[in-house]
Amino acid sequence: MGEMEDRRRVGYHIHRDIMDEIEVDSLAEKSEVNTSLLDKFKESMRCSGPRVKSCFLSFVPLLSWLPRYPFKENFFGDLVSGISVGIMHLPQGMAYALLAAVPPVFGLYSSFYPILIYFIFGTSKHISVGTYAVMSVMIGSVTERLAPDSEFIVWSNNSNESFIDMAAQTNKRIAIAAAVTFLSGIFQLLLGLVQFGFVVTYLSEPLVRGYTTGAAIHVMVSQWKYMFGVNPQRYNGPLSLIYTVLDVCSLLGGTNIGTLVVSIVTIVCLVSAKEVNSLLARKLPVPIPVELITIIIATVVSWRFDFKTLYKVEVVGDIPSGLQPPVLPDFSLMGSVLGDAFALAVVGYGIAISLGRTFALKYGYKVDSNQELIALGLSNSIGGMFQCFAISCSMSRTMVQISTGGKTQIAGALSAVVMLVILLWIGSLFEELPKAVLAVIINVNLQGMFKQFSDISGLWRTNKVDMLVWLVTFILTVLLNPDVGLAASIAFSILTVIFRTQLPTYSLLGQVPGTDIYRPVEDYNQVLQIPGLVIFRSSATLYFANAEMYTDHLYEKSGVDITKLLAHKKKLEAKRLRKEKKEQKKAKKEAKKRAEEMLEAPELSDKEEKIAVAIVAEPELDPCSDSGLPKAVILDLSPVNFLDTVGVKTLRDIHRDYGDAGVKVLLSGCQSCVIENLEKGGFFNDKVTRAVLFSTVHDAVLHCQQGDTKEAMKGTHF
């Protein structure tokens with residue numbers, strides 16, 4: 001309270017001339033230097049030794065930070081963190097491969113190659129890149145759409161039955177996943193090279209959280225077939241999720257009991273273990289790897305009791321040891337996956353950069369958004385050649401990486417080393433792991449995404465438009481599938497911005513007594529409207545979408561319908577002209593008559609001449625002199641950050657129409673870019689100069705008041 005009272009007692013006094021924009025430019029000596037686009041391009045392409053070095057180091061950040069790596073301070077924490085995250089990659093990689101509809105080993109590949117690439121080119125020290133549920137389900141929708149079961153049904157002459165050629169279908173789906181991943185990486189790489197990292201700004205936080213929650217529903221439903229041991233039909237297009245749910249429900253009567261028991265036991269054990277883990281989180285230096293323990297126990301039990309043969313439980317199957325050689329993707333598939341690849345590129349980057357910026361702000365360093373695009377693009381494009389599927393950042397792994405002491409990208413590299421050991425020697429040991437266990441791991445790990453439903457109540461209290469974006473994004477994602485739902489959600493989010501600029505708040509401003517501060521008269525009781533002046537402000541910029549409403553609200557707020565007023569004035573003017581013509585004709589007749597009389601009496605008396613002139617020059621009363629018009633209209637353009645051609649034309653029409661009615665129009669608070677728009681749009685001419693522009697509303701008000709007084713009000717006094 002003391003500080004507030006001291007602040008209130010501090011006052012200031014200003015005495016200066018009233019200045020329009022011309023005087024301000026002269027006093028401040030405005031620079032006329034404008035760099036052309038060609039000069040800017042030449043400057044950006046200028047090459048020098050230090051610049052080449054800087055560009056190279058920014059392109060390969062590893063060379064910049066690794067030589068300065070504090071080994072003693074950070075290595076132990078990075079080592080523990082890398083091993084912990086590497087252990088998490090094993091179950092998550094195998095599980096998310098099921099979402100992508102490819103064999104589990106390709107999830108392990110996706111947890112190895114892209115991590116190494118990001119280690120070299122990435123700028124975030126804390127995020128854990130690799131497989132991610134939302135990305136995997138998006139890949140799965142593509143692979144299952146382009147390689148459905150119906151295309152691989154073959155007839156067996158021996159058994160006289162049809163069956164699905166699983167080997168051919170798997171190879172096709174692997175090729176599709178690699179192709180869409182490669183193309184998404186190319187999109188990210190190109191966007192990064194042309195400095196388009198700002199595109200992620202169109203993915204607001206409510207949109208991303210609503211989208212990931214909707215995608216989590218798709219992830220959960222896609223795993224029901226593994227948890228119940230049923231084989232529902234594959235649906236594509238809008239409402240496919242609804243059809244899948246109905247199909248699974250209709251097949252519940254044929255549930256594989258062995259698979260269902262495995263799923264229930266795994267759910268109970270995994271949820272219980274995670275609860276214990278969270279309770280002991282502060283006491284344990286490293287979280288218990290519950291997923292790893294689960295798959296080890298499940299694999300041993302499945303192998304020991306032969307779940308595959310005795311209970312018909314579907315297992316992971318063959319996991320080849322070693323690494324795959326690089327192969328070029330199937331370019332014939334590129335046209336079919338173009339839209340899906342772009343959606344993957346945007347979603348993967350949006351999730352990674354949002355998490356990266358969050359932790360960069362927390363730990364005091366900067367993440368380069370364009371370089372992140374390049375790093376993810378290289379990870380996906382190179383990973384696609386090694387038959388990986390698209391990757392992004394996982395929140396759960398990132399939190400484990402940070403909580404276990406990870407401080408740099410070294411932790412990510414060490415987790416890749418753990419994955420290499422698994423791929424070379426350990427992976428084949430998990431061939432008897434039931435797929436139901438992986439499905440349960442996926443669904444249990446979705447609990448963090450489902451907690452995002454609590455956003456709705458918080459957004460209801462803070463911002464209802466953001467809440468609407470969240471809900472619409474969620475509904476569109478659920479109903480239209482993740483790829484189409486993302487595009488529709490972005491379009492809706494942009495529309496909300498457009499609608500908010502179309503429906504701004506229009507206000508009449510008044511003066512806070514004794515100050516140069518102006519506030520909306522409808523919001524304050526002590527704000528006084530200046531007599532004879534209309535001070536008008538819109539809370540949004542002025543452009544084609546709201547230009548007509550701007551004019552309508554100005555007429556409404558000012559209480560003057562300029563259109564009707566001008567029409568009435570034109571009628572009066574026409575009436576006056578007709579009357580003048582009539583008087584002129586009458587005067588001509590009188591003059592002719594007098595001319596005839598002059599022939600008889602050569603000199604017209606002086607008195608008669610004065611009467612004739614008086615008849616011709618009889619004054620007409622101003623029909624608008626008592627119309628209650630304001631003396632001036634001041635448009636506060638401080639919220640305006642650009643003007644298009646329609647906006648400039650609107651201001652020009654307002655100035656002309658009010659000017660024709662005898663009302664001055666002044667503009668205040670114009671930014672430099674707005675003044676430039678006015679100049680290029682042809683607002684100024686011989687009659688309208690920059691003298692109608694004022695830096696503040698108060699300058700414009702005093703200018704109007706100065707014109708009303710015979711004594712010059714030199715200076716701003718308050």
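**Cavities, a pocket and an open sheet**

Three helices, α6 (71-99), α8 (113-121) and α20 (410-426), each contribute at least two residues to the lining of the largest cavity. The model is a predicted one. Among the contributors to this lining, α8 gives the most, with three residues. The space enclosed there has a volume of about 100 Å³. In total 14 residues line the largest cavity, and those nearest its centre are Ile-115, Tyr-118, Ile-127, Val-129 and Gly-412. Sorted by class, the lining holds six nonpolar, seven polar and one charged residues.

The structure holds four cavities of 30 Å³ or more. The second largest cavity has about 50 Å³ of space. Its lining consists of Leu-203, Leu-207, Val-208, Tyr-211, Val-347, Gly-350, Ile-351 and Leu-486. Two helices, α11 (205-222) and α17 (338-363), each supply at least two of the residues in this lining. The class count for the second largest cavity is seven nonpolar, one polar and no charged residues. Rolling a probe the size of a water molecule over the atoms shows where empty space is left.

Open space is treated separately, as pockets. The second largest pocket contains about 1,500 Å³ of space. It is lined by 50 residues, and the closest to the centre of this pocket are Glu-144, Arg-173, Lys-225, Tyr-226 and Lys-435. By class, the lining of the second largest pocket divides into 24 nonpolar, 16 polar and ten charged residues.

The next element is a sheet. Six strands form an open sheet in the order β6-β5-β7-β8-β9-β10, and the pairing is mixed. At the edges are β6 (518-520) and β10 (693-694), each of which pairs on one side only.

Starting from the β6 side, β5 and β6 are joined by three bridges and run antiparallel. Within that pairing, Gly-510 stands opposite Arg-519 in β6. The two strands form a hairpin with six residues between them, and in this hairpin Gly-514 has a positive phi near 80°. On its other side, β5 pairs with β7 in the antiparallel sense, again over three bridges. One of the facing pairs here is Ser-507 and Arg-537, the latter in β7.

How enclosed is strand β5 (residues 506-511)? Six of its six residues are buried, so β5 is largely enclosed by the rest of the structure. The burial extends to both faces of β5: Tyr-506, Leu-508 and Gly-510 lie on one side, Ser-507, Leu-509 and Gln-511 on the other, and all of them are buried.

Further along the sheet, strand β7 (residues 533-538) and strand β8 (residues 632-636) are parallel and are joined by five bridges. Ile-535 stands opposite Ile-634 in β8, while the bridge partner of Phe-536 is Leu-635 in β8. The neighbour on the other side of β8 is strand β9 (residues 664-668), and the two pair in the parallel sense over five bridges. There, Asp-636 stands opposite Ser-668 in β9.

β8 can be read in the way β5 was. Five of the five residues of β8 are buried, so this strand is largely enclosed by the rest of the structure. Ala-632, Ile-634 and Asp-636 point one way from β8, Val-633 and Leu-635 point the other way, and all are buried. Asp-636, the residue opposite Ser-668, is thus one of the buried residues of the strand.

Another aspartate sits in a helix. Asp-25 belongs to helix α2 (residues 21-28). Its relative accessible area is 18%, and Asp-25 counts as buried because the value is under 20%. Leaving aside residues up to four places away in sequence, Asp-25 touches Lys-30 and Arg-690.

The last point is confidence. The protein chain has a mean pLDDT of 86, and 91% of its residues reach 70 or more. Two stretches are under 50. The first covers residues 607-626, where pLDDT stays under 50 and the model has eight contacts beyond four places in sequence. In the second, residues 710-718, pLDDT likewise stays under 50, and the model has 29 contacts beyond four places in sequence. Where pLDDT is low, the predicted coordinates should not be read in detail.

Key
Residues numbered from 1 in each chain as written. Predicted model: local features only at pLDDT ≥ 70, side-chain atom pairs only at ≥ 80, totals over all residues. Heavy atoms only, no water. pLDDT = per-residue confidence, 0-100. Contact = heavy atoms within 4.5 Å. Pairing = 2+ DSSP bridges. Helix = DSSP H or I, 4+ residues; strand = E, 2+ residues; numbered from the N terminus. Buried < 20%, exposed > 50% of the residue type's maximum accessible area, 1.4 Å probe, protein only. 1 Å grid on protein atoms, 1.4 Å probe; cavity = no way out; pocket = protein on both sides within 12 Å on 5 of 7 lines; lining within 4 Å. Points joined across faces, edges and corners; volume = space filled by probe spheres on them. Nonpolar A, V, L, I, M, F, W, Y, C, P; charged D, E, K, R; others polar.
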